[in-house]
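This report describes the fold of one protein chain and the surroundings of its ligand. Please consult the sequence and the structure as you read.

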Amino acid sequence: MDYLNCLPIYYAFERGLVDVPAELVKGPPTRLNGLLLRGELEITPLSSIEYARHPDRCLIVPGLSISSDGPVGSIFLMSKVPLTELDGKKVCLPDTSASAAALLKILFHHYYHVDVQFETTASDLEQMLARADAALLIGDEALAAYLHVRNTGAPLVVVDLGEAWKKFTGERMVFAVWVVRRDYALERPQETDGLVAALQRAREIGIREREAVLDLAVHRTGLPRDFVADYLKLVRYDFDAEYQRGLLTFYDYAYKTGLTEERVRLAIWGEHLA
Ligand SMILES: C=C(O[C@@H]1C=C(C(=O)O)C=C[C@H]1O)C(=O)O
């Protein structure tokens, strides 16, 4: 995934510290979601909401996710007015996002109790706010927009969706899980074990070599070092029982909000295969 939040995981592959018998493909979340579902990728981070829409198509890689326990630092709603005043107004969603877009719909419906009209557009704060009263941003565009708003003092209400979710439910929020295509995994269990082990090894190295990852992140983005360091502390990569409970809570609300068609169970590679 072509965002800073994936660098701690892919650093070891990029640096050749872990051998991965695969070709790496980059893109924003919705592009990778589409490629996996069209059978053009074998293993990828997938927007968590897309897993709930296609549980028969994928198996979750154990012990890995893109999550937060409270603020996430890169998923923001930026609004010209307080959220309660958005009733009947338009909100732009970025065409890069699936999970955060679903989360925002859930929050408006069940937490803020505000009825808004959504429009999906390219991820560009200025253009979004020219067409609507509020805009959702994710990933590196959200980081840049946040800094811009902070530095210019633009009069926008800024809400971190990881933080709003935590206030609403008390739970962690899982934005993406790594999945392997189910047909591929069942046909090629040994290759799947190899890819899963490579990802887990890469994650360990990314955590251990935190400073080197930070150097590379600063070099690549040109963002201030303290800002990037703080951000990389907010993003979590765990997928233990507490994260899974947070994810199932998200799925419950997604179902209640009409964003998914069934209440799914988590099928995790190596744990239980439905
Ligand atoms: C934390 C983030 O979570 C992302 C949000 C996603 C989504 O909305 O579909 C998908 C993958 C994650 O990278 C982020 O990109 O800022």
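## Ligand, domains and sheet

At least three residues of the shell around the ligand come from domain 1 (4–69 + 172–256), and at least three come from domain 2 (75–169). The model is a predicted one.

Which residues come nearest to the ligand? They are Ser47, Ser74, Ser97, Ala100 and Phe175, out of 19 residues around the ligand. By residue class, this shell holds 13 nonpolar and 6 polar residues, and no charged ones. Three elements, α4 (99–112), α6 and β8 (173–181), each contribute at least two residues to the shell.

The two parts of the chain that share the ligand are given by the domain assignment as domain 1 (4–69 + 172–256) and domain 2 (75–169). Taken over C-alpha atoms, their centres are separated by 23 Å. Their contact involves 22 residues of domain 1 and 18 residues of domain 2. On the side of domain 1 that touches domain 2, at least two residues each are supplied by α2 (29–37), α3 (48–53), β8, α11 (225–234) and α12 (241–256). The largest share of that side belongs to α12, with 4 residues. In terms of residue class, this side of domain 1 consists of 13 nonpolar, 7 polar and 2 charged residues.

The table sets the two groups of residues side by side.

| Group of residues | Nonpolar | Polar | Charged |
|---|---|---|---|
| Shell around the ligand | 13 residues | 6 residues | no residues |
| Side of domain 1 that touches domain 2 | 13 residues | 7 residues | 2 residues |

The description now turns to the sheet. An open sheet of 5 strands has the order β5-β4-β6-β3-β7, with mixed pairing. Why is one side of β5 and of β7 left without a neighbour in the sheet? Both β5 (117–121) and β7 (157–160) stand at the edges and have a single partner strand each, so one side of each remains without a neighbour there. On average, neighbouring strands of this sheet are turned by 20 degrees against each other, direction ignored.

Within the sheet, β4 (residues 90–94) and β5 run parallel and are joined by 5 bridges. In this pair, cysteine 92 is placed opposite glutamate 119 of β5.

Helix α6 (residues 139–152) packs on the sheet, where it touches β3 (75–79), β6 (134–138) and β7. The direction of α6 makes about 45 degrees with that of β3. Helix α7 (residues 161–169) lies across β3 and β7, and runs at about 65 degrees to β7. Helix α6 thus appears twice in this account: α6 packs on the sheet, and α6 also supplies at least two residues of the shell around the ligand.

Notes
Residues numbered from 1 in each chain as written. Predicted model: local features only at pLDDT ≥ 70, side-chain atom pairs only at ≥ 80, totals over all residues. Pairing = 2+ DSSP bridges. Axes fitted to C-alpha atoms, helices over the stretch in contact; angles between N-to-C directions. Contact = placed C-beta atoms within 7 Å. Near = placed C-beta within 6 Å. Nonpolar A, V, L, I, M, F, W, Y, C, P; charged D, E, K, R; others polar. Domains from an automatic or database assignment.
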